[in-house]
Amino acid sequence: MEKLAPMCPSAQPEMPDARVLGVVGGTAAAPLVSYLNEPVGVTEEVLALAAGARHPADVMRFAARCQEAKCCHFDGTNCNLATRIVQILPAVVEALPACLIRSECRWYQQEGRPACMRCPQVVTRNYAPDEDMARAARVPLAAVGV
Ligand code: SF4
């Protein structure tokens with residue numbers, strides 16, 4: 001049987017095995033995700049809760065199967081987004097967040113606890129990232145052969 005890819009913790013709701021990972025709170029300048037403590041699938045009713053947003057991923061974090069080669073952040077082995085998040089962003093929590101996907105999370109499998117300490121500040125669609133967040137999210141041009 002084919003091995004399932006790990007879960008991406010900053011996914012889109014239409015991706016395979018998508019579920020709601022958390023809800024974006026905090027402030028626009030300092031967002032902070034609250035992780036759900038029970039599994040919630042992506043349904044029309046759930047997406048309707050984000051009706052006031054431009055996109056559901058503005059206000060919710062979704063987890064879904066890592067798209068691996070289809071994702072610009074994956075280099076064939078690693079998620080470079082997770083690497084940059086750990087290298088560039090500050091920790092925003094002192095204890096491991098109680099998230100439901102840790103046993104399958106690609107960021108955790110790859111980067112360990114430092115990824116979790118930074119994870120709650122990530123908003124999948126962030127229209128006003130600060131400089132560090134923009135650097136962490138951006139795919140370096142050299143990585144795509146430009
Ligand atoms: S808190 Fe850690 S295990 Fe949970 S989604 Fe974020 S990086 Fe993955």
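# Close-up views of a predicted protein model

Buried residues make up 31% of the 146 residues in this protein. Please keep in mind throughout that the model is predicted.

**Figure 1. The whole chain holds five helices and four strands.** Walking along the sequence, you meet these elements in the order β-β-β-α-β-α-α-α-α. The radius of gyration is 15 Å, close to the 15 Å that the globule rule gives for 146 residues, so the protein is as compact as a globular protein of that length. Taken along the principal axes, the box filled by the C-alpha atoms is roughly 45 × 40 × 30 Å. Among contacts with a separation of 6 or more, 74% join residues that are 24 or more positions apart.

**Figure 2. Strands β2 and β3 make a hairpin.** Here residues 19-26 form β2 and residues 31-35 form β3. The two strands run antiparallel and are joined by five bridges. Four residues sit between the strands of this hairpin. To find your place in the pairing, look for Val23, whose bridge partner in β3 is Ser34. As a reminder for reading such a view, side chains in a regular strand alternate between the two faces of the sheet.

**Figure 3. The largest nonpolar core contains 30 residues.** Which of its residues touch the most other members? They are Phe62, Ala63, Ala82, Ile85, Trp107 and Ala115. At least two residues of this core come from each of β1, β2, β4, α2, α3 and α4. Trp107 is a good residue to centre on: leaving out residues up to four places away in sequence, Trp107 touches Pro9, Cys79, Ala82, Ala115 and Cys119. Two of these names, Ala82 and Ala115, will be familiar from the list of core members above.

**Figure 4. Eleven named residues, from Pro9 to Cys119, surround the ligand.** The shell consists of Pro9, Pro97, Cys99, Ile101, Arg102, Cys105, Trp107, Tyr108, Ala115, Cys116 and Cys119. Helices α3 and α4 are the elements that give two or more residues to this shell. What is the make-up of the shell by class? There are ten nonpolar residues, no polar ones and one charged residue. Trp107, met in the previous view as a member of the core, also belongs to the ligand shell.

**Figure 5. Cys116 is a ligand-shell residue in helix α4.** Is Cys116 buried or exposed? Cys116 counts as buried, because 21 C-beta neighbours lie inside 10 Å. Setting aside neighbours within four places in sequence, Cys116 is in contact with Leu96, Pro97 and Tyr108. Of these partners, Pro97 and Tyr108 also line up with Cys116 in the list of residues around the ligand. For a sense of scale, Cys116 and Ala28 are 88 residues apart in sequence, and their C-alpha atoms are 20 Å apart in space.

**Figure 6. Glu111 in helix α3 and Gly112 in the loop between α3 and α4.** Helix α3 covers residues 106-111. Glu111 counts as buried because it has 21 C-beta neighbours inside 10 Å. Gly112, by contrast, is exposed, with 11 other C-beta atoms within 10 Å. Apart from neighbours within four places in sequence, Glu111 is in contact with Ala82, Thr83 and Val86. One of these partners, Ala82, is also a member of the largest nonpolar core. From C-alpha to C-alpha, Glu111 lies 24 Å from Gly25, with the two residues 86 apart in sequence. Gly112 and Ala51 are 34 Å apart in space by the C-alpha reckoning and 61 residues apart in sequence.

**Figure 7. Asp17 and Glu68 have a positive phi.** For background, most residues other than glycine have a negative phi. Where is Asp17 found? Asp17 sits in the loop between β1 (7-11) and β2, and its phi is near 60°. Asp17 has 15 C-beta neighbours inside 10 Å and so counts as partly exposed. Glu68 belongs to the loop between β4 (60-65) and α2 (80-88), and its phi is near 45°. With 16 C-beta neighbours inside 10 Å, Glu68 counts as partly exposed too.

Definitions and conventions:
Residues numbered from 1 in each chain as written. Predicted model: local features only at pLDDT ≥ 70, side-chain atom pairs only at ≥ 80, totals over all residues. Buried ≥ 20, exposed ≤ 12 C-beta atoms within 10 Å, placed from the backbone. Contact = placed C-beta atoms within 7 Å. Near = placed C-beta within 6 Å. Nonpolar A, V, L, I, M, F, W, Y, C, P; charged D, E, K, R; others polar. Pairing = 2+ DSSP bridges. Rg over C-alpha atoms; globule rule 2.2 N^0.38 Å. Core = buried A, V, L, I, M, F, W, Y, C linked by C-beta atoms within 7 Å.
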